[in-house]
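Thanks for asking me to look this one over. My comments are set out as numbered points, so you can take them in any order.

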Amino acid sequence: MRKTREETQLTREKIIHASYEVIRSKGYEKMTRDDIARQVGMTRGAVNWHFASKEEIYLAVLNQILDDFQRERAEYYEDRKASPREKIDNLISMPLRMRDQYRFLNDIPRYMLSDERFAGIIGRMAENRKYFIQYVTRCLTEIEEASGKTYQNKTEIAHLIYFLHEGLHSNYADTAFGSPDVIQENYRTYVALLLEIP
């Protein structure tokens, strides 16, 4: 019996989720398609039917994470009940709420970053950075409109907030700053200081 398009998509999603779990526990280099098949309860042949290679599976997992980030950020910005300041707080706290996904991206083996098959992922990560800075800049503009305050260096402040965000999802943030709650409180303080800059 032929599978419907919806069933095929659901199976692909299950494989992607299982692959994410296997890669997190074993690492990309040690992960095999047999591991994924066991994790999802399928045969290796079924996994191979959906994904032609181990790299293709890895790319699908990375794209899924980037899709999740994009969706989450859009929800924050479109939240009409949140103030611009709350939107920025929500944005910079994403790495704490989605810490496993951020760390997964941080663990992409360096040699893969120069592999042309991963050019799309590198491009999407660059777009995410650009979107982040645009998002914060829009929030700063909303703060200006609501408060009458003028930021002379809006772009620079947006970049600094981006660098704070990068620090939040560093694999070493815990050892540098302590528990996630302490990290979040520190970052809120840092952002508040930045937003006081005229």
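The points below go from the whole chain to one helix pair, one long-range look at a single helix, and one residue.

1. Please keep in mind that this is a predicted model. The chain holds 11 helices and zero strands, and from the N terminus on its elements read α-α-α-α-α-α-α-α-α-α-α.

2. On overall dimensions, the C-alpha trace spans about 65 × 40 × 30 Å along its principal axes. Of the 198 residues, 40% count as buried. The chain exposes about 11400 Å², and carbon and sulfur atoms supply 51% of that area.

3. How much of the contact in the chain comes from residues 24 or more positions apart? Taking contacts with a separation of 6 or more, such residues account for 69%.

4. A helix pair you may like to look at is H5 (residues 84-97) with H11 (residues 180-195): the two pack at an angle of about 145°, and their axes are 10 Å apart. The crossing of H5 past H11 is right-handed. From H5, the contact is made by Arg85, Ile88, Asp89, Ile92, Ser93 and Leu96. H11 brings Pro180, Ile183, Gln184, Tyr187, Arg188, Val191, Ala192 and Leu195. By class, the residues of this contact divide into nine nonpolar, two polar and three charged.

5. Next, helix H8 (residues 119-147), where I checked the length. With 29 residues at 1.5 Å a residue, H8 should span 42 Å, and its end C-alpha atoms are indeed 42 Å apart, so the two values agree. After H8 comes Gly148, with a positive phi near 80°.

6. Which residues of H8 are buried? They are Ile121, Asn128, Phe132, Ile133, Tyr135, Val136, Cys139, Leu140, Ile143 and Glu144. The cover over these buried residues includes helix H4 (54-78), H5, helix H9 (154-168) and H11. Both helices of the pair in point 4 are thus named again here, H5 and H11 being among the elements that cover H8.

7. Finally, one residue from that list: Glu144, found in helix H8. Why does Glu144 count as buried? Its relative accessible area is 13%, and the cut-off for buried is under 20%. Leaving aside neighbours within four places in sequence, Glu144 is in contact with Lys149, Thr150, Tyr151 and Lys154. When you have the model open, Glu144 and these four partners can be viewed together with Gly148, the residue that follows H8.

Key: Residues numbered from 1 in each chain as written. Predicted model: local features only at pLDDT ≥ 70, side-chain atom pairs only at ≥ 80, totals over all residues. Heavy atoms only, no water. Axes fitted to C-alpha atoms, helices over the stretch in contact; angles between N-to-C directions. Left-handed = near helix turned anticlockwise from the far one by under 90°. Contact = heavy atoms within 4.5 Å. Nonpolar A, V, L, I, M, F, W, Y, C, P; charged D, E, K, R; others polar. Expected span 1.5 Å × (residues − 1). Buried < 20%, exposed > 50% of the residue type's maximum accessible area, 1.4 Å probe, protein only. Areas by Shrake-Rupley, 256 points an atom, 1.4 Å probe, with all protein chains shown as cover.
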